[in-house]
Amino acid sequence: MQELNYMYFTGTQINYYFICQRKLWYFSKYIPMEDNSDNVLIGKTLHKDAYSRNKKEILIDDKIAIDFMEKEGIINEIKKSNKMEKAHIFQMLYYLYYLESKGLKDLKGVINYPLLKKREEVFLTNDNRKEILNVLENIRKIVSLEKPPQLEKKSSCRSCSYYELCWV
């Protein structure tokens, strides 16, 4: 697969790809529902309160928002729960891939779950570079659709900020 420029995606889009492709489509079409979500509010509060000594929200190119840098070469994300851990890991892999494309090599990612007192280390490898490119191509296809992908009932639907758009 030829390496294409996918640097216009956000970490949220990568995350949503693994959670729900319909949610990804709505979000990518600028239909934001997160402001009405109690879960998002809880996550924002946790983000603000956890790791308060660290500088928060390092914004890169208006697309990548790293929660904080622990020390040089270690980027950190804060998550409320590990229920969507695969989405969190790929979001971090995308950040590592993106930063590598900007010339920053040998970075390590850490996903912090403060409520669980758990940390997950993430490293970019040749294998997951290929996976990231595949994910990015799939996201490109989804966001270019004229209509949202088919409804797919998931256990996360009830707590999703897009629930009413899909199911009511």
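This passage describes the largest nonpolar core of a predicted model and the packing of its helix α1.

The largest nonpolar core holds 39 residues. Within this core, Tyr94 and Ile139 touch the most other members. Several elements each supply at least two residues: the helices α1 (11–19), α2 (21–28), α4 (85–101) and α5 (126–143), and the strands β2 (64–66) and β5 (108–113). The largest share comes from α4, with ten residues.

Helix α1 is mostly covered. Seven of its nine residues are buried. These are Gly11, Gln13, Ile14, Asn15, Tyr16, Tyr17 and Ile19. The cover over the buried residues of α1 includes α2, α4 and α5.

The pairing of α1 with α2 was examined next. Two packed helices are described by the angle between their axes and the distance between the axes. For α1 and α2, the angle is about 155°. Their axes lie 6 Å apart. Angles over 145 degrees count as roughly antiparallel, and α1 and α2 are therefore roughly antiparallel to each other.

On the α1 side, the contact is made by Thr12, Gln13, Tyr16 and Tyr17. On the α2 side, Gln21, Lys23, Leu24, Phe27 and Ser28 meet them. The residues of this contact divide into four nonpolar, four polar and one charged. Among the α1 residues that meet α2 are Gln13, Tyr16 and Tyr17, and these three are buried.

Key
Residues numbered from 1 in each chain as written. Predicted model: local features only at pLDDT ≥ 70, side-chain atom pairs only at ≥ 80, totals over all residues. Heavy atoms only, no water. Core = buried A, V, L, I, M, F, W, Y, C linked by side-chain atoms within 4.5 Å. Buried < 20%, exposed > 50% of the residue type's maximum accessible area, 1.4 Å probe, protein only. Helix = DSSP H or I, 4+ residues; strand = E, 2+ residues; numbered from the N terminus. Axes fitted to C-alpha atoms, helices over the stretch in contact; angles between N-to-C directions. Parallel < 35°, antiparallel > 145°, perpendicular 65-115°, else oblique. Contact = heavy atoms within 4.5 Å. Nonpolar A, V, L, I, M, F, W, Y, C, P; charged D, E, K, R; others polar.
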